[in-house]
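Student: I have a structure open in front of me and would like to learn how to read it. Could we go through it together, one question at a time?

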Amino acid sequence: MTRLRSGGLIDRDTHLRFSFDGRGYTGHPGDTLASALLANGVRLFGRSFKYHRPRGVLSAGPEEPNALVELRNGARREPNIPATVTELFDGLEASSQNRFPSLRFDLMAANALLSPLFPAGFYYKTFMWPASWWERVYEPLIRRAAGLGRAAAMPDPDGYEHAHLFCDVLVIGAGPAGLAAALAAGRSGARVVLCDADTRLGGTLLAEPDEVDGQPGAVWAQSVERMLRDCAEVRILTRTTVFGAYDHGTYAALERVADHKPHPAPGEPRQRVWRIVAKRVVLGAGAVERLVAFPGNDRPGVMLAGAVRCYLARYAVAPGGSVVVLSGGAEGWRTVAALARHGVPVAAVIDRRGEVPEPDAALARRIGARLFAGGRIAATRGSTGLHEVIVRDATGGTIPVAADLLAVAGGHNPQVQLACHLGGRPVWDEDRAAFLPPATLPPGMTVAGAAAGRYGLAECLRDGATLGSGAAAAAGFPNAPSPVPRAAGDAEAATSIWLMPGRKSFVDLQHDVTTDDIALAHREGFRAVEHMKRYTTHGMATDQGKSGGVLGMAMMATLTGRTMADTGTTLHRPPYTPVAIGALAGAHRGRHFRPIRRTPGHDWAAEQGASFIESGPWLRAQWFARAGETDWLQSVSREVLAVRSGVGVSDVSTLGKIELVGPDAGALLDFVYTNTMSTLPVGRVRYGIMLREDGFVLDDGTAARLEADRWVVTTTTANAPRVLAHMEFAHQVLRPSLRVAFVSVTDRWAQYAVAGPHARDVIAALLGVVHDVSDAAFPYMACGTFGDLRLFRISFSGELAYEVAAPARDGDALIRRIVQAGSAQGIVPYGLEALSVLRVEKGHPAGGELNGQTTARDLGLGRMLSQRKDFIGRALARRPALLDPMRPTLVGLVPVDKRTRLRAGAHLLPRGAPPRIEHDQGWITSVAFSPTLSHWIALGLLANGPARHGEVVRAYDPVRSGDAEVQVVAPCFIDPDGGRLRG
Amino acid sequence: MRIPCPHCGERASEEFSYLGAADPVRPAADASAAEWHDYVYLRDNPAGVMREFWHHVHGCRRWLVVARDVRTHAISAAVDAGA
């Protein structure tokens, strides 16, 4: 056990049991999975992505590239989770990734011997030949050999939710800078949201011995938290990572609501995505430590120096028993002091500086650590963990030093990502040896403390207090300057160590990218950082190169002889840390992705045994199979014949309905429809088509004039939202002076078509003898209001037909009343398929014909374009090209051999012409088996179609092996004179 | 993005649908074919402020003219298109 006897922010009285690779361990509340495993002496956490090299813990935060595990089991199994941010809970199950058969003995480690096969860009080169091997051999092999964790193969049982927050000041990060900022802003009375990814507030204060206002940092953080909780307008979100900055002060954050529990409580989401809209933002995201590239820098036991201090102070864990510290300045020596304070033996300190300041040298002497001034690391040794560091001293000699922990203080990377999400590029600062936030920040944002390259504690506190009160003031909450929390330790010279030559020096641990790969990219011309990144995959793993990314830039800068400023860095994009797709989807999942709309008559249809089909957002009855019917066509044909010979009823509630009121309603309709509507008498209906301004048909429907100033127009089901928006544009933008108001009433009315020779009897029975619905009183294209009901004598089927509408709440009752009224006539419910067959038999255009590429003329409706008024689409519909008779135009088609089945999509060619593109003259748009005619019929668009009635053409459908001769006929198969609908 | 609707206040852009440039003016009915072609098909592509139509479909259902810098998304004005 390597748990220290005292200290740490852990609850030693409580024991949590957990397992790693099936073996049981215990830890304490306050532990992460990484700290608990380290406390149990576990150093080997996983195998690397390409070479299956053993890997341990590098960091103590979300930047972790190595210690990635699969968490939980079964449907909740989640891959690539950094053990360093996984809060320990009782019963936690974790397993290592990318090892076979076991973590300690990994056969795939042979990949390391094959590493010449896996250089940068290997998938572009090594596995190119023979081409046929790619899918069968190479890809499965690579997928087996390389990779990370496995995702669960079952649906996620947990829920995720989205929530919104609005605030004056958003403070990102609750380290010293963020706490000071939140306190200053909170005291002003501003609405403040403080987010931190960690479980508790404090950031580096939780890991360092420094005091603030005379208290230990962690204690001060607690007292600030109490003060913030006393501010009514301050909201603290822990376990919450702000992962994206978007336009106009919008930020996205992920709150891990239940990730620290075995599973969420009933009704509790697993995670919550917050959309935060902030007037001002203080970014205090801190800095993460930088890896150093030296041979064998990936071996378990190599750890960032600050992480070592964090494990010692926060988790009371000694991550090693004999330590070598690689230092470039104060940061490394702070680590030496921390190790000494916690009684961990330091074997050696390698200081890159030739001259080591006397206080540091004295510390080394006092604790008996060998000091290598001006030394570097030549290699590391160890099989599954570090046991020896080979030091090259200033004179060039190599000295082996036994050690199981190598603490690396390579400098810091300020966490500027959120400051760059709107496109700003980080700026290299030579003095601080780091990329700093761009000159142009997201509007309203300021950057405080280490994220801005100001690393000293006093500096961070001052920065936070100043920027916090400044942000509140800018948001309208000026306040008296609040006292700046006091601390010792001010700005210190930033130090940086980059590269120490040698092989197997990793610059990206998670993707196994080495300095050799960067050199290869340079040799092959991929020198711009964005090219280098994509060629080597450097910085493209889930850690996004937080600890190692800048090393690749440094290596490329060295190779090209350019400065870091000229080399630059890659663009930062959201998310800052990985976000599960489930969290982004939130509640919009499965059926909830798009809600289903049911008509008021849905339950009745279900009772009648309807099969339903999705039609746009709606669920519509497709047909009503009866006992003994085995085939859908059987049911549909029966329904069609019932309408043609008796009477049927169909739910048409899904058609779009727009109600218009006002003296200029007719004028607006004249403008949006091609034909004149304003002349329509009260109590009449007219068919109309709408064009887009480019002259093509947008939609068709009917306009009914219920009263002098009240109209209701219908749209197709699919185009209802679009037609409403189109009419609103026509009114608000193009004709704002028209006195008319309109609104969608699609959901307000249930509507049923009653069609067939006996339809009038049914309507008469429905309305009762007080209402006269005789042909004389209520002729074809009449409309009227009968009590609560609206009645329209319109027909899509070509039969004597009515549509009757009731307020939606009465829709269920109405369909039952209609069926009751029609019982004597044997009324038959019919569905969407029969509706479609009926309209194809009549040649009415629908979805296949109203496809956005047809003109009114193409549909045989050219005479509906008024010559006497302006309307949308009028000018461009008259373009010569759109008047060309050779345009595909609506025709009817019947198979020459009546047994032939026709299919929509077949191309129309001249009879006997070979199937080549120059012979293509159109296509079949809709087909139906007509039970009335006992053969298949079709509608199609055929070049010069109206002039070719009687001609036989070829319907060629190579996709479905269709090739038939069809005769061109008028696009109306039943009752061309319309006698039935006027009957 | 946040769009300052003159009727509803500042709202998230998901509440709106986008149409395109608001500057072209619909020609008179008897205008030439060339003028109609310009109106329907030709659009400027400025690197800077663009006046464009946004429809507050999930709000007041008014068409707005929004002046937006397409390089930065900075919105300098949003007025009702019929105003």
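Tutor: Happily! A residue is called buried if 20 or more other C-beta atoms lie within 10 Å of its own, and exposed if 12 or fewer do. Keep in mind that this is a predicted model.

Student: What percentage of the residues in chain A is buried?

Tutor: We apply that cut-off of 20 or more C-beta atoms within 10 Å. Chain A has 983 residues to count over. The buried part of chain A comes to 52%.

Student: What radius of gyration does chain A have, next to that of a compact globule?

Tutor: Start with the extent of the chain: along its principal axes the C-alpha trace of chain A spans about 115 × 70 × 55 Å. A compact globule of 983 residues would have a radius of gyration near 30 Å. For chain A the value is 38 Å.

Student: How many helices and strands does chain A have?

Tutor: Both kinds of element occur in this chain, and the count is kept separately for each. The secondary structure of chain A consists of 25 helices and 50 strands.

Student: Why are the buried residues of H5(A) said to be on the same side?

Tutor: Helix H5 of chain A covers residues 217–230, and its buried residues are Gly217(A), Trp220(A), Ala221(A), Val224(A), Glu225(A) and Leu228(A). Around the axis they cover an arc of only 145 degrees, so they sit on the same side of H5(A). Their packing partners in chain A include helix H4 and strand E9. The reason asked for is the arc of only 145 degrees.

Student: Which exposed residues are on the face of H5(A) turned away from its buried side?

Tutor: Here we use the other cut-off, 12 or fewer C-beta atoms within 10 Å. On the face turned away from the buried side of H5(A), the exposed residues are Arg226(A), Arg229(A) and Asp230(A).

Student: Which are the edge strands of the open sheet in chain A?

Tutor: This sheet has 6 strands in the order E41-E42-E43-E40-E34-E44, with mixed pairing. An edge strand here pairs on one side only. That description fits strands E41 (783–786) and E44 (828–829) of chain A.

Student: Which residue in E43(A) does Arg790(A) stand opposite?

Tutor: Strands E42 and E43 of chain A run antiparallel and are joined by 3 bridges. Across from Arg790(A), in E43(A), stands Ala805(A).

Student: Is His73(B) buried, exposed or partly exposed?

Tutor: In chain B, E5(B) and E6(B) form a hairpin with 5 residues between them, and His73(B) is in the turn. The phi of His73(B) is near 70 degrees, a positive value in a residue other than glycine. Because His73(B) has 15 C-beta neighbours inside 10 Å, it counts as partly exposed.

Student: Where is the cis peptide bond to Pro575(A)?

Tutor: The bond runs from Pro574(A) to Pro575(A), with omega near 0 degrees. As for its place, Pro575(A) lies in the loop between helix H14 (564–567) and helix H15 (581–585) of chain A.

Student: Which element gives the largest share of the side of chain A that touches chain B?

Tutor: The contact takes 17 residues from chain A and 14 residues from chain B. Two elements of chain A give two or more residues to its side, helix H19 (720–734) and helix H23 (874–877). The largest share, 6 residues, comes from H19(A).

Technical notes
Residues are numbered from 1 along each chain as its sequence is written. Chains are lettered from A and ligands numbered from 1 in the order in which they are written. This is a predicted model: local features need pLDDT of at least 70, side-chain atom pairs count only at pLDDT 80 or more; totals for chains, interfaces and linings use all residues. Two residues are in contact if their C-beta atoms, placed from the backbone, lie within 7 Å. Helices (H or I, at least four residues) and strands (E, at least two) are DSSP runs, numbered from the N terminus. The expected span of a helix is 1.5 Å times one less than its number of residues. The arc is that of the directions from the helix axis to the C-beta atoms. Two strands pair if DSSP finds at least two bridges between them. The radius of gyration is taken over C-alpha atoms; the globule rule is 2.2 Å times the number of residues to the power 0.38.
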